[in-house]
Amino acid sequence: MNCLGDVVLPQAVITLLAGRERDRIAELVDSAVTAIEPTRRTTERRREPRYPYPYPLHITPVAADGCSDASETFVVVGKHLAPHGVDFYSRKPVAHRRVIVSLDCGVEGWIGLLVELTWCRFGRHGWYDNGGRFLSVVPSPLTDFDDRPRAA
């Protein structure tokens, strides 16, 4: 048994109090973060987890006819990856609605994911925050520039 002052508490009550304390700590941390970033959403509404991905993403625009040209590929800075989509930072707005995002998977080679860009907003420090959803797996246009095998 644990003690709180001179009162001896049953384990079930101690567990309940510990849970409430964790909840209170979480509320205080949220308040502190909200104070420095007031526009942050307080409730997470996503259905799937997203993972930080602060690595280069290679973006190849896809024309209206569905063709892509690897020579038009440019690099952006990843923000998050999720099973359904991606978001990233770019110095300029991305003018194309669909792009191929190529990810370097090391020994597996390049993988290509067709992405429909669904949003873009100008953010802090002069960067654009972009995001979209994955439509399909496609051959990466970068495999021509790399002799490593392509990921399946």
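**A walk through a strand-rich chain**

Let's start at a turn: strands E8 and E9 form a hairpin with 5 residues between the strands, and there His125 takes a positive phi near 60°. Keep in mind that what you're looking at is a predicted model. On either side of this turn the two strands run antiparallel, joined by 10 bridges. One of the pairs is Phe122 with Tyr128, its bridge partner in E9.

Now step back and take in the whole chain. It contains 1 helix and 9 strands, and along the sequence they follow the pattern β-β-α-β-β-β-β-β-β-β. Of the contacts with a separation of 6 or more, 52% are between residues 24 or more positions apart. Buried residues make up 30% of the 152 residues. As for the outside, the accessible surface comes to about 10500 Å², and 57% of that belongs to carbon and sulfur atoms.

Back to E9, which covers residues 128-138. Which other strand does E9 pair with? It's E6, in the antiparallel sense, over 6 bridges. Along this pairing, Tyr89 stands opposite Asp129 in E9.

Gly85 sits in E6, a strand that spans residues 85-90. Is Gly85 buried or exposed? Its relative accessible area is 4%, which is under the 20% cut-off, so Gly85 counts as buried. Look at what surrounds it: leaving aside neighbours within four places in sequence, Gly85 is in contact with His80, Gly132, Arg133 and Phe134. Phe134 is 49 residues away along the chain, yet the C-alpha atoms of Gly85 and Phe134 are separated by 5.0 Å.

His80, one of those contacts of Gly85, belongs to strand E5. With a relative accessible area of 16%, His80 is under 20% and therefore buried too. Beyond its neighbours within four places in sequence, His80 touches Arg50, Tyr51, Pro52, Tyr53, Gly85, Val86 and Asp87.

Finally, the inside. In soluble globular proteins, nonpolar side chains tend to be buried together. Here, the largest nonpolar core has 15 residues, and Leu57 and Val101 touch the most other members. Strands E4, E5, E6, E7 and E8 each supply at least two residues of this core. Val101 is a good place to look: setting aside neighbours within four places in sequence, Val101 is in contact with Leu57, His58, Ile59, Val86, Ile111, Gly112, Leu113 and Val115. Val86 turns up here as well as among the contacts of His80.

Key: Residues are numbered from 1 along each chain as its sequence is written. This is a predicted model: local features need pLDDT of at least 70, side-chain atom pairs count only at pLDDT 80 or more; totals for chains, interfaces and linings use all residues. Side-chain values use heavy atoms; hydrogens and water are left out. Helices (H or I, at least four residues) and strands (E, at least two) are DSSP runs, numbered from the N terminus. Buried means under 20% relative accessible area, exposed over 50%, partly exposed in between (1.4 Å probe, protein chains only). Contact means heavy atoms within 4.5 Å. Two strands pair if DSSP finds at least two bridges between them. A nonpolar core is a set of buried Ala, Val, Leu, Ile, Met, Phe, Trp, Tyr and Cys residues joined through side-chain atoms within 4.5 Å. Accessible areas come from the Shrake-Rupley method with a 1.4 Å probe; for residues, only the protein chains shown count as cover.
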